[in-house]
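These are my notes from a first look through one structure. I went through it topic by topic and wrote down what I found.

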Amino acid sequence: MGNLHAASLVPALMCGFGVPLVIQPIQLALAIEAAMESASILECDTPVDNVKAKYGGYGNIFTTLLHAGADALKYPGLSSSSGLELSVFDVVTKQEYPMLEDIDAILMTGSKHNSFEDDPWILKLVEFTKKVLEQKRVRIIGVCFGHQIVGRAMGTKVGRSDKGWEVSVTTLDLTKKGQEIFGKTALSLPQMHRDIVYEYPEGVENLAGNEKCAVQAMYIPKRLIAVQGHPEFNIEIQKEIFKVRHGLGIFDDALYKDAMDRVDRYHDGVVVSQAFLRFLLDD
């Protein structure tokens, strides 16, 4: 797939703090004097039907998140209307990937699939991630499933948590380094997982954890940043997923009620987006 150019405006996406945004055609430059390298979003899933109908695929949803972060960051030459060039690749069905020489970063999205399974497309994604980790230029951002794929590619166990599902807006405890990276003393993010990275891979910095999941965010300067939560989710996206999973019997009544009770809480999705962009801007 080539660069992502939204031919028409899509419906506004409400981020956690309630600011409406729209997808616009984008070009990328991460610094004042030099154009920033392109970044590829690796779509690891397709949104549930109602979400896809309104917001498009996860490429669009993450584009909106990064636009929000760019506007909030107020970095010269970087905003929702300029300074970002993104491409989107379907790594599940089409199993397409960017050429590393053509990009400077990848972002792996979340997924309903299990990061520890050996489906051909998952094994291919793990091998591609290892290839990116072996070189020093292209940087990695991982979100939920993508966070777990980073852990698996680095040789750490990923699998089902014995603590069950973690869903809806949840508070994370930040380490000293996490407070530095995110600029806060604590972080709130939507969650949608029952799989975890069991321990921090060798060489990464621990950024965040909580009682439900110890490995919530990890970091290597100029190499990778990954979070277990979903900074890209707004209230409506969460509710639609909750409804689908409750209807399928994946969420029981108690879990569904607990998730819906907390879904309206403020979350720091845009704060995390800013951290992603600062990570890419770091020379």
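**Entry 1: a loop residue and its patch**

I started with Ile250, which is partly exposed because its relative accessible area is 38%, between the limits of 20% and 50%. I note here that the model is a predicted one. Ile250 sits in the loop that joins α6 (235–247) to α7 (253–262). I then looked up which residues accompany Ile250 in a nonpolar surface patch. They are Val244 and Leu248, and the three together have about 260 Å² of accessible area.

**Entry 2: positive phi values**

Next I looked at backbone angles. Lys74 has a positive phi of about 60°, although Lys74 is not a glycine. I found Lys74 in the loop between α2 (58–73) and β4 (86–90). Lys74 counts as exposed, because its relative accessibility is 69% and the cut-off is over 50%.

Lys222 is another residue other than glycine with a positive phi, here near 65°. Its place is the loop between β12 (217–220) and β13 (224–227). At a relative accessible area of 34%, Lys222 is partly exposed.

I also noted a glycine. Gly155 comes just after α4 and takes a positive phi of about 90°.

**Entry 3: helices α3 and α4**

I wanted to know at what angle the axes of α3 and α4 cross. Helix α3 covers residues 120–134 and helix α4 covers residues 145–153; their axes come within 9 Å and cross at roughly 65°. So α3 is roughly perpendicular to α4. The crossing in which α3 passes α4 is right-handed.

How many of the nine residues of α4 are buried? Nine of the nine are, and α4 is thus mostly covered. The buried residues of α4 include Phe145, His147, Gln148, Ile149 and Arg152. Gly146, Val150, Gly151 and Ala153 are also on that list.

From α3 I picked out Ile122. Ile122 is buried, because its relative accessible area is 0% and the cut-off is under 20%. Ile122 and Cys44 are 78 residues apart along the chain, and 8.9 Å separates their C-alpha atoms.

**Entry 4: salt bridges**

I looked up the number of salt bridges, and the count is 11. I followed three of the pairs.

The pair I took up to begin with was Lys130 and Glu127, whose closest N and O atoms are 3.4 Å apart. Both residues lie in helix α3, three residues apart, which is about one turn of the helix. An α-helix has 3.6 residues a turn, so residues three or four places apart point the same way. Lys130 counts as partly exposed at 30% relative accessibility. Glu127 also counts as partly exposed, at 48%.

I then turned to Asp268 and Lys184, which form a salt bridge with their closest N and O atoms 2.7 Å apart. This pair links distant parts of the chain, with the two positions 84 residues apart: Asp268 is in the loop between α7 and α8 (269–281), and Lys184 is in the loop between α5 (176–182) and β9 (186–193). Which of the two is buried, and which partly exposed? Asp268 counts as buried, because its relative accessibility is 1%. Lys184 is partly exposed, with a relative accessible area of 28%.

The last pair I checked was Lys239 with Asp264, where the closest N and O atoms are 3.9 Å apart. This salt bridge also links distant parts of the chain: Lys239 belongs to helix α6 and Asp264 to the loop between α7 and α8, 25 residues apart. Lys239 is partly exposed, with a relative accessible area of 27%. Asp264 is exposed, because its relative accessible area is 53% and the cut-off is over 50%.

**Entry 5: Tyr97**

I closed with one aromatic residue. Is Tyr97 buried or exposed? Tyr97 is buried, because its relative accessible area is 17% and the cut-off is under 20%. I located Tyr97 in the loop between β4 and β5 (105–108). Tyr97 and Lys124 are 27 residues apart in sequence, and 9.9 Å apart in space from C-alpha to C-alpha.

Methods:
Residues numbered from 1 in each chain as written. Predicted model: local features only at pLDDT ≥ 70, side-chain atom pairs only at ≥ 80, totals over all residues. Heavy atoms only, no water. Patch = residues over 30% accessible without salt bridge, like charges linked within 9 Å, V, L, I, M, F, W, Y side chains within 5 Å. Areas by Shrake-Rupley, 256 points an atom, 1.4 Å probe, with all protein chains shown as cover. Salt bridge = Lys/Arg side-chain N within 4 Å of Asp/Glu carboxyl O. Helix = DSSP H or I, 4+ residues; strand = E, 2+ residues; numbered from the N terminus. Buried < 20%, exposed > 50% of the residue type's maximum accessible area, 1.4 Å probe, protein only. Axes fitted to C-alpha atoms, helices over the stretch in contact; angles between N-to-C directions. Parallel < 35°, antiparallel > 145°, perpendicular 65-115°, else oblique. Left-handed = near helix turned anticlockwise from the far one by under 90°.
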